[in-house]
Amino acid sequence: ADLPFDPADVRRGMIPAHIYNDDEVFRLECERLFSRAWIFVGHVSEVPEPGDYVVRQVLNDSFIVARGEDGQVRALFNMCLHRGMQVCRAEMGNASHFRCPYHGWSYRNDGRLVGLPFHRDAYGGEAGFRRKGQTLLPAPALDTYNGLIFVSLDPDAPPLLDYLGGFAFYLDYYTKQSAQGIELSGPQRWRIKANWKIGAENFAGDMYHTPQTHTSVVEIGLFREPRAEKRKDGSTYWAGNGGGTTYKLPPGTLEERLRYVGYPDVMIERMRRSWSADQLDVVGRDGFMVSAASVFPNMSLVHNWPRVADSEEVLPFISIRTWQPISANETEVLSWFAVDAGAPEEFKALSYKAYLMCFGSTGMFEQDDVENWVSLTHTAGGAMARRLLLNSRMGLLADGTEITPALPKEQFAGPGEAHVGYGEYNQRHLLNRWVDYLERPATTARSVRLGGQE
Ligand code: FES
Ligand code: FE
């Protein structure tokens, strides 16, 4: 009701252009969306040993994601209980304690306050200030899936698995290729002058931009064309709180198809043992292989297997990223390389190279995409954009009928809803979810005491 656009427009796939650069919309996103949804902050492989930590942001809130001596991973609000200084200024490292640079209060890596300079003189010792029980504020909610760490600022957030819903099935293709799980390296970080939603929508379902935006990758002779797999016969799928795109693989058995994607037999054997019958069927029986995807609101994944020009080499790689909003028109991208922790070292090295060439900060695809998004964002901030409804109805007839109905279970074994061919089903799903959150006014901030002292 109090939104600066008509939510009914969004729900019918007509998108008010100014939502991609509007301070008022951004304020509502901070208050109603990012304060409630599950936000990806890292992976357990980034903090393998006790004391390992990385510092990650949720909007303006900094969290120390640290593994304690007890082996448990926590997300501790990076703000000193005394006068609010950031207690950890490094981006990653290993520490048994964090000492605040301002006045020197110190905390164990599980958040417990253990040291106050001049405790007796300044506070009268324990009688005046009891250290026991004082901890850095933990994130209101923290949960993991396949080692992926998510936090939510909402203490009443649903369990992560419920939030992911059917998308967890697809997340396994990227993050559970073997029982050993994945390992992450990075992240590379960079800022783009673009609204955070554009990247999330693009990765969720924009198969349509590839032939136009990314032609140069083939034209300059970096990668080979034509691909035997057919993008237009690929699908978009959406389940739970996420969705993505697939490529249609050439006919063959499960093994042949996974070899085509570039996986060595040792890895294929491990996938066979890690994935469910339905997960194997999507690839082996139905011939679809997941490519880009997004988890609402701002996490995306890539799985790609470029074929190097003038060679038989195929280089599959996996990447995870977040679109971390800085403002209505700026986004910080965090991009990780991900690989099966048990993959042969040679595979890891080649796969990393492919990731850098395609989607690292200087990657070919990355450069192509961002130029569009920066331009779009800039234009969305002008006066005329307030009068324009963008068309995001691809795949629908005027009366709302879907051009390609959802695939039946016999043709697509995965959960949710999958459509063959071009369509903006997923972009609509993502923005519908976005409207769901924006329509719910923030409840009056409850003073939940999670730590701190008086
Ligand atoms: Fe941290 Fe004073 S602000 S010790
Ligand atoms: Fe792209």
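Start by selecting helix H6 (residues 196-205) and helix H13 (residues 364-380): in this predicted model, the two pack with their axes 10 Å apart, at an angle of about 135 degrees. That angle makes H6 oblique to H13. The crossing of the pair is right-handed.

Next, show the side chains where H6 meets H13. On H6, pick Ile198, Gly199 and Asn202; on H13, pick Asp369, Trp373, Leu376 and Thr377. By residue type, this contact holds three nonpolar, three polar and one charged residue.

Keep H13 selected and add helix H12 (residues 345-359). The axes of H12 and H13 cross at roughly 25 degrees and come within 3 Å. Angles under 35 degrees count as roughly parallel, and H12 and H13 are therefore roughly parallel to each other. To see the contact, select Met357, Cys358 and Phe359 of H12 together with Met364, Phe365 and Glu366 of H13. Here the division is five nonpolar, no polar and one charged.

Now hide the helices and turn to the sheet. Eight strands form an open sheet with antiparallel pairing, and coloring them in the order E12-E18-E17-E16-E15-E14-E13-E20 follows the sheet across. Strand E12 (182-192) and strand E20 (417-420) stand at the edges; each has a single partner strand, so one side of each is left without a neighbour in the sheet. Looking across the strands, the twist from one to the next averages 20 degrees.

Within the sheet, zoom in on strand E14 (residues 242-248) and strand E15 (residues 288-295). These two run antiparallel and are joined by six bridges. Select Tyr247 and look across to E15: the residue opposite is Met289.

The last stop is a single residue. Bring the helices back and select Ser274, which is found in helix H10 (residues 265-274). Is Ser274 buried or exposed? Neither label fits: a residue counts as buried if 20 or more other C-beta atoms lie within 10 Å of its own, and as exposed if 12 or fewer do. Ser274 has 18 other C-beta atoms within 10 Å, and is therefore partly exposed.

To find what surrounds Ser274, select Lys176, Gln177, Ser178 and Ala179; these are its contacts once neighbours within four places in sequence are left aside. Finally, draw a distance from the C-alpha atom of Ser274 to that of Val47. The separation is 24 Å, for two residues 227 residues apart along the chain.

Definitions and conventions:
Residues numbered from 1 in each chain as written. Chains lettered and ligands numbered in written order. Predicted model: local features only at pLDDT ≥ 70, side-chain atom pairs only at ≥ 80, totals over all residues. Axes fitted to C-alpha atoms, helices over the stretch in contact; angles between N-to-C directions. Helix = DSSP H or I, 4+ residues; strand = E, 2+ residues; numbered from the N terminus. Parallel < 35°, antiparallel > 145°, perpendicular 65-115°, else oblique. Left-handed = near helix turned anticlockwise from the far one by under 90°. Contact = placed C-beta atoms within 7 Å. Nonpolar A, V, L, I, M, F, W, Y, C, P; charged D, E, K, R; others polar. Pairing = 2+ DSSP bridges.
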